[in-house]
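Visitor: Please give me a close look at the interior of this model. Tell me how the residues pack there and where space is left.

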Amino acid sequence: MPALYLSHGAPPLADDPLWTSQLASWARELPRPRAVLMVSAHWESRPVTLSATRTVPLVHDFSGFPGRYYQVRYPAPGAPALAARVRELLGGGEQVADAPERGLDHGAYVPLVEMYPDADVPVLQLSLPTLDPARLMALGRRLAPLREEGTLIVGSGFFTHNLSGLNWGAGADEAPSWSREFDAWGREALADQDIDALLDFTHRAPAGRIAHPRTEHFAPLFVTLGAGEDELAGQRTVIDGFWHGLAKRSVQVG
């Protein structure tokens, strides 16, 4: 399986026919995964923590939206075998905790609803134990063997994420300069496999701290890059453009 980093959108992503079709098309082009391991920007917990290994209610971790967004259901099967394998891969150097009642948050289920709408692929969510890029990349390296076993590793964030700059009236090609500049820099750094620059993005990228006042939405990218490190030469952007001014760049490694 490849490893993915995707920009996941807010709940209203479901109303965007372009983006939903892009995610659905992407999933159709991928091999069928045995399971999905999701690392979302919306779950930070130390040590590494695994979500419920059975179907439990979703985490509607947002506020201020119309009621219909809180009625979304996504009863994907849990993935206890995957959880055991993650423990095995991380054992000896990483403490692993459990959150048996925690369902998928919107960083996980919003894109999955579009990619695997039948909710028939087992899903396990893994927390971000840190926002340190180098440590997250090392975590991804340790998880990399899962790819050969049929697990789709997905880092779910947003390529630029400054909600104070969100413009609900912006078109698909409209974005503020800071979002465009960061997106262009990130595209080139990925194409050049310039991992050193990406790891130091807050200092090296133009408008780095404007594009990411807090870095949790860029952080899942490093898990993806670690998991796909041996195939970075083949990484490609699958989705680009902007969503209300934020860059929705999403990439595939492998």
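Guide: A cavity is a set of grid points where a 1.4 Å probe fits but cannot get out. Its volume is the space filled by probe spheres set on those points. Keep in mind that this model is predicted.

Start with the enclosed space. The structure holds 1 cavity of 30 Å³ or more. The largest cavity has a volume of about 100 Å³. Its lining counts 14 residues. Nearest its centre lie R54, T55, V56, A76 and L104. By class, that lining has 8 nonpolar, 4 polar and 2 charged residues.

Next come the open spaces. A pocket, unlike a cavity, is an open set of points. The largest pocket holds about 210 Å³ of space. Of the 17 residues that line this pocket, A10, H42, H106, H161 and L163 are the closest to its centre. Its lining divides into 10 nonpolar residues, 6 polar and 1 charged.

The second largest pocket holds about 170 Å³. Its lining includes R34, A35, P122, L146, E149 and T151. A79, P80, A81, L82 and R85 line the second largest pocket too. Helix α2, residues 80–90, gives the largest share of that lining, with 4 residues. The classes here are 7 nonpolar, 1 polar and 3 charged.

Now for the packed parts. In soluble globular proteins, nonpolar side chains tend to be buried together. The largest nonpolar core here has 80 residues. Within this core, V86, L143 and L225 touch the most other members.

Follow L225 to its helix. L225 is one of the buried residues of α10, a helix that spans residues 220–227. All told, 8 of the 8 residues in α10 are buried. They are P220, L221, F222, V223, T224, L225, G226 and A227. Apart from residues up to four places away in sequence, L225 touches M137, L190, I195, L198, L232 and V253.

What does the neighbouring T224 touch, beyond residues within four places in sequence? Its contacts are A3, L4, Y5, V154, G155 and V253. V253 is thus shared, as a partner of T224 and of L225. T224 also has a polar side-chain atom 2.7 Å from the backbone oxygen of L4. Why does T224 count as buried? Its relative accessibility is 0%, and the cut-off for buried is under 20%.

The loop before this helix is worth a stop. T215 sits in the loop between α9, residues 208–211, and α10. T215 is buried because its relative accessibility is 11%. Beyond its neighbours within four places in sequence, T215 is in contact with L131, F201, T202 and R209.

Now to V48, at another point of the chain. V48 belongs to strand β3, residues 48–50. V48 counts as buried because its relative accessibility is 0%. The C-alpha atoms of V48 and P129 are 5.1 Å apart in space. In sequence, V48 and P129 are 81 residues apart. P129 is also on the contact list of V48, which leaves out neighbours within four places in sequence. L90, E94, Q95, V96 and A97 are on that list as well. L126, S127 and L139 are further entries on it.

The chain leading up to this strand has a cis peptide bond, joining R46 and P47. Omega there is about 0°. P47 lies in the loop between β2, residues 35–40, and β3.

Finally, two backbone details. A119 has a positive phi of about 50°, although A119 is not a glycine. Its place is the loop between α3, residues 106–115, and β5, residues 123–125. A119 is buried, at a relative accessible area of 10%.

Q193 is not a glycine either, and has a positive phi of about 55°. Q193 is found in the loop between α6, residues 177–191, and α7, residues 195–199. Is Q193 buried or partly exposed? Q193 counts as partly exposed because its relative accessibility is 39%.

Technical notes:
Residues numbered from 1 in each chain as written. Predicted model: local features only at pLDDT ≥ 70, side-chain atom pairs only at ≥ 80, totals over all residues. Heavy atoms only, no water. Buried < 20%, exposed > 50% of the residue type's maximum accessible area, 1.4 Å probe, protein only. Contact = heavy atoms within 4.5 Å. Polar contact = N/O pair within 3.5 Å; in protein donor to acceptor, adjacent residues only side chain to side chain. Core = buried A, V, L, I, M, F, W, Y, C linked by side-chain atoms within 4.5 Å. 1 Å grid on protein atoms, 1.4 Å probe; cavity = no way out; pocket = protein on both sides within 12 Å on 5 of 7 lines; lining within 4 Å. Nonpolar A, V, L, I, M, F, W, Y, C, P; charged D, E, K, R; others polar.
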